Amino acid sequence: MSSFNSYDERMDFFTGKVTLYPVVSSEFCAGRNVLEVIRQIGMGGAGIFQLREKHCSAKELYLLAQEARKIADEFNMLFILDDHVDIALAAGADGVHLGQDDLPVAAARSIAPELIVGASTHNIPEAIEACRQHCSYLNIGPIYPTQTKSVACGALGLGAIKEISAHINCPFTVMGGIKAHCIAELRQNGAQRIAMVTEITQAADIAGKVRDLLQLF
């Protein structure tokens, strides 16, 4: 059961508290258990995490998400599940993040009105459409070259942040190849919420890394 009782509570926390947005995939955890990585993220003080598992069955993901929910509650974090609206609902996640080939944002919101619904976008038309369908937030990326996700568009560059955000009226995150040294220039270009994968999940001291990254905001 989520610590957040309503959509408004979730979004108030997201817009008011979230800066660093860790994304956790077992394949990028340096051989460590994904739940332990999530726990370390919570210990470091992050306010949110996304569980992104592309290679397990629906049952396996549901069971994993149930355990992730417990850790989210322990550390008062928002829990976003990648791709699967049904599993997000069943496991009590706070939100779901959808790609361009997943269920459309409007359809997800119609069946899960209390969930935060995020959307991956790579250009202005995709961002405008995500907002038209009333996404809770959208992601702009990849900003830099990345090995954690394959996208046909390639790296968008820093200029995409201002170009795309000028056409939208909702919160956004940025993602893709981001390291600690990138945070200053990302913020200078308008990014307030920064999603990171391997910089966090492959760190030797994950909790310490999260604390250090949060200080950069």
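Begin by selecting Leu138 in this predicted model and displaying what surrounds it: apart from its neighbours within four places in sequence, Leu138 is in contact with Ala119, Thr121, Ala127, Ala130, Cys131, Ile168, Cys170, Pro171, Phe172 and Thr173.

From there, widen the selection to the largest nonpolar core, which has 60 residues, and colour Ile38, Ile41, Leu51, Phe79, Leu138, Val174 and Leu186, the members that touch the most others. Next add helix H3, residues 58-74, which supplies six residues to this core, the largest share. A second core, separate from that one and made up of 17 residues, can then be shown in another colour; Phe14, Val18, Val23 and Tyr137 are among its members. In soluble globular proteins, nonpolar side chains tend to be buried together.

Now select helix H2, residues 34-44, where eight of the 11 residues are buried, so that the helix is largely enclosed by the rest of the structure. The buried residues to pick out along H2 are Val34, Leu35, Val37, Ile38, Gln40, Ile41, Gly42 and Gly44, and two of these, Ile38 and Ile41, have already appeared in the list for the largest nonpolar core. To see what covers the buried residues of H2, turn on the elements around the helix, including E1, strand E2 (48-51), H3, helix H9 (198-201) and helix H10 (206-215).

The next stop is an internal space. The structure contains one cavity of 30 Å³ or more, and the largest cavity encloses about 40 Å³. Select Tyr21, Val23, Gln50, His97, Tyr137, Asn139, Thr173, Met175 and Ala195 to display the lining of the largest cavity; strand E1 (20-24) and strand E6 (137-140) are the elements that each give two or more residues to that lining. By residue class, the lining of the largest cavity divides into five nonpolar and four polar residues, with no charged ones. Val23 and Tyr137, which line the cavity, also belong to the second core, while Thr173, another lining residue, is in contact with Leu138, where the tour began.

Finish with the cysteines. How many disulfides does a search of the whole structure find? The search finds zero. Selecting Cys56 together with Cys29 shows the reason in one case: the closest cysteine sulfur to that of Cys56 is in Cys29, at 12 Å, which is too far for a bond. Cys56 counts as partly exposed, at 27% relative accessibility, whereas Cys182, the last residue to select, is buried, with a relative accessible area of 3%.

Key: Residues numbered from 1 in each chain as written. Predicted model: local features only at pLDDT ≥ 70, side-chain atom pairs only at ≥ 80, totals over all residues. Heavy atoms only, no water. Core = buried A, V, L, I, M, F, W, Y, C linked by side-chain atoms within 4.5 Å. Buried < 20%, exposed > 50% of the residue type's maximum accessible area, 1.4 Å probe, protein only. Helix = DSSP H or I, 4+ residues; strand = E, 2+ residues; numbered from the N terminus. Contact = heavy atoms within 4.5 Å. Disulfide = S-S within 2.5 Å. 1 Å grid on protein atoms, 1.4 Å probe; cavity = no way out; pocket = protein on both sides within 12 Å on 5 of 7 lines; lining within 4 Å. Points joined across faces, edges and corners; volume = space filled by probe spheres on them. Nonpolar A, V, L, I, M, F, W, Y, C, P; charged D, E, K, R; others polar.
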